[in-house]
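Please open the model in your viewer and keep the sequence panel beside it, since each stop on this tour begins with a selection.

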Amino acid sequence: MAALLRMEGQPPELILLEIQSLLVMEDGSSLAGQHLGVLEANGKQVTLTNGPRTLYGKLQDLPKPLVLMERTGQEEDFGGDSSRKSVVFKAQGMVRRKAVFNQRPQLKV
């Protein structure tokens with residue numbers, strides 16, 4: 001089965017977060033859907049601030065861009081052949097850079 005990727009206009013640029021540490025919510029809940037903090041970029045330097053904690057990192061270009069895709073649940077004929085199908089995906093964003101955080105968070109006092 002083939003895959004077909006569709007883009008409507010220019011997809012937004014996303015930044016991949018690489019956090020070389022253990023992230024745990026204080027109440028033990030899942031990280032999915034949680035607000036991790038405020039991400040700020042100044043040139044190649046980035047910070048991720050959550051309350052009194054700040055992570056410092058560097059912005060790096062990815063050697064090969066990544067595409068964030070969403071499965072649409074639709075299928076189309078492959079090359080006009082109704083016996084072969086293509087799964088349709090929608091592009092949600094492009095990832096060209098990543099923010100790498102490899103230090104422990106700093107506390108603001």
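The tour goes from the strands and their pairings to the salt bridges, and then to a pocket.

**Before selecting anything**

This is a predicted model, in which local features need pLDDT of at least 70 and side-chain atom pairs count only at pLDDT 80 or more, whereas totals for chains, interfaces and linings use all residues. Residues are numbered from 1 along each chain as its sequence is written, and side-chain values use heavy atoms, with hydrogens and water left out.

**Stop 1: strand 6 and its parallel partners**

Select residues 81-101, which make up strand 6; strands here are DSSP runs of E with at least two residues, and they are numbered from the N terminus. Add residues 2-6, strand 1, which pairs with strand 6 in the parallel sense over 5 bridges, where two strands are said to pair if DSSP finds at least two bridges between them. Within this pairing, Arg6 stands opposite Lys90 of strand 6. Next add residues 13-19, strand 2, whose pairing with strand 6 is also parallel and runs over 7 bridges. Here Leu14 has Val95 in strand 6 as its bridge partner.

**Stop 2: the hairpin of strands 5 and 6**

Now bring in residues 53-78, strand 5, which runs antiparallel to strand 6 and is joined to it by 14 bridges. At the turn end, Phe78 has Asp81 of strand 6 as its bridge partner. The two strands form a hairpin with 2 residues between them, and in that turn Gly79 has a positive phi of about 60°.

**Stop 3: strands 3, 4 and 5**

Select residues 38-42, strand 3, which pairs with strand 4 in the antiparallel sense over 5 bridges. Ala41 stands opposite Val46 of strand 4, and the hairpin of these strands has 2 residues between them, with Gly43 at a positive phi near 70°. Extend the selection through residues 45-50, strand 4, and on into strand 5, with which strand 4 pairs in the antiparallel sense over 6 bridges. Val46 stands opposite Gly57 in strand 5. This hairpin, too, has 2 residues between its strands, and Gly51 in the turn has a positive phi of about 60°.

While strand 4 is on screen, pick Thr47, which is placed in that strand. Is Thr47 buried or exposed? Thr47 is buried, at a relative accessible area of 19%; the classes used are buried under 20%, exposed over 50% and partly exposed in between, computed with a 1.4 Å probe on protein chains only. Leaving aside residues up to four places away in sequence, Thr47 touches Val38, Leu39, Glu40, Thr54, Leu55, Tyr56 and Phe101, a contact meaning heavy atoms within 4.5 Å.

**Stop 4: salt bridges**

The structure holds 5 salt bridges, each defined as a side-chain nitrogen of Lys or Arg within 4 Å of a carboxyl oxygen of Asp or Glu.

Show the side chains of Glu76 and Arg6, which form a salt bridge whose closest N and O atoms are 2.8 Å apart. Glu76 lies in strand 5 and Arg6 in strand 1, so the pair ties together parts that are 70 residues apart in sequence. Glu76 is partly exposed at 28% relative accessibility, and Arg6 is partly exposed at 38%.

Move to Arg97 and Glu13, whose salt bridge has its closest N and O atoms 3.1 Å apart. Because Arg97 lies in strand 6 and Glu13 in strand 2, the pair ties together parts 84 residues apart in sequence. Arg97 is partly exposed at 28%, as is Glu13 at 45%.

Then select Lys98 and Glu18, where the side chains meet in a salt bridge of 2.9 Å, N to O. Lys98 in strand 6 and Glu18 in strand 2 are 80 residues apart, and the pair links distant parts of the chain. Lys98 counts as buried at 18% relative accessibility, whereas Glu18 is partly exposed at 24%.

**Stop 5: the largest pocket**

Finally, select Leu23, Val24, Leu36, Asn50 and Arg53, the closest to the centre of the largest pocket among the 18 residues that line it. The volume of this pocket is about 500 Å³. On a 1 Å grid over the protein atoms alone, a pocket is an open set of points where a 1.4 Å probe fits, with protein on both sides within 12 Å along at least five of seven lines, and lining residues have an atom within 4 Å of a point; the volume is the space filled by probe spheres set on the points, which are joined across faces, edges and corners.

Strand 4 and strand 5 each supply at least two residues of this lining.

Note on methods
Helices (H or I, at least four residues) and strands (E, at least two) are DSSP runs, numbered from the N terminus.
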